[in-house]
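Trainee: I've got a new protein chain to look at. Can we go through it together, one question at a time?

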Amino acid sequence: MPLILRKARIQGFRAFEDTLEVNLSPGITVLLGPVGSGKTSFLKAIEYGLFGTTSEVRRKVWKKSDLVNDFSEYARIELLLEDSDEHIHVERQLRKDGRETLT
């Protein structure tokens with residue numbers, strides 16, 4: 001059974017100074033907003049939460065510490081994934097000094 005992303009909580013990551021919590025329902029999700037509102041930051045936060053990096057970091061366009069916004073000392077991404085049998089909670093934290101934790 002595939003894992004489904006049910007919730008994302010993002011803080012201090014790229015565009016998100018304050019905490020953003022999004023509950024996702026089964027089906028299609030559409031991100032809609034003006035330029036600079038955080039649509040790409042939301043998707044990149046999910047990418048970082050799942051894989052511990054982003055495509056920009058892998059291509060060396062950005063340093064990992066660039067993912068932490070200027071208003072925060074750290075970025076925290078929490079994801080709740082589920083399938084029919086279990087829930088998986090993933091939390092990644094990245095500090096400006098480069099230290100990372102995964103729980």
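Mentor: Sure, here come some questions and answers about this chain, and keep in mind that the model is predicted.

Trainee: Let's start with the overall layout. What pattern does the protein chain follow along the sequence?

Mentor: First, take stock of the pieces: there are two helices and five strands. Now read them off along the sequence, and the pattern you get is β-β-α-α-β-β-β.

Trainee: How does the radius of gyration of the protein chain sit with the globule rule?

Mentor: For 103 residues, the globule rule gives 13 Å. The value for this chain is close to that, so the chain is as compact as a globular protein of that length. The radius of gyration itself is 14 Å.

Trainee: What about the inside? Which residues touch the most other members of the largest nonpolar core?

Mentor: That core has 17 residues. Strand 1 (4–11), helix 1 (39–51), strand 3 (74–82) and strand 4 (87–95) each put in at least two of them. The members with the most contacts to other members are Ile10, Phe13, Phe42, Tyr48, Leu67, Ile77 and Leu79.

Trainee: Let me pick Ile10 from that list. Is Ile10 buried or exposed?

Mentor: You'll find Ile10 in strand 1. Its relative accessibility is 1%, and buried means under 20%. So Ile10 counts as buried.

Trainee: How many Å apart are Ile10 and Ile77 in space, C-alpha to C-alpha?

Mentor: Along the sequence, these two are 67 residues apart. Even so, Ile77 is among the residues that Ile10 touches, along with Phe42 and Ala45. In space, their C-alpha atoms are separated by 4.8 Å.

Trainee: And on to Lys60: does it count as buried or exposed?

Mentor: Lys60 sits in the loop between helix 2 (55–58) and strand 3. Its phi is positive, about 65°, although Lys60 is not a glycine. With 73% relative accessibility, against a cut-off of over 50%, Lys60 counts as exposed.

Trainee: Where is Arg14, the other residue with a positive phi I noted?

Mentor: Phi of Arg14 is near 45°, again in a residue other than glycine. As for its place, look in the loop between strand 1 and strand 2 (20–23).

Trainee: Last one, on charges. How far apart are the centres of the positive and negative sets?

Mentor: Count the side chains in each set: 16 are positive and 16 are negative. Take the centre of each set, and the two centres lie apart by 6 Å.

Notes:
Residues numbered from 1 in each chain as written. Predicted model: local features only at pLDDT ≥ 70, side-chain atom pairs only at ≥ 80, totals over all residues. Heavy atoms only, no water. Helix = DSSP H or I, 4+ residues; strand = E, 2+ residues; numbered from the N terminus. Rg over C-alpha atoms; globule rule 2.2 N^0.38 Å. Lys, Arg positive; Asp, Glu negative; His and termini not counted. Charge placed at Lys NZ, Arg CZ, Asp CG, Glu CD. Core = buried A, V, L, I, M, F, W, Y, C linked by side-chain atoms within 4.5 Å. Buried < 20%, exposed > 50% of the residue type's maximum accessible area, 1.4 Å probe, protein only. Contact = heavy atoms within 4.5 Å. Lists of a residue's contacts leave out its neighbours within four places in sequence.
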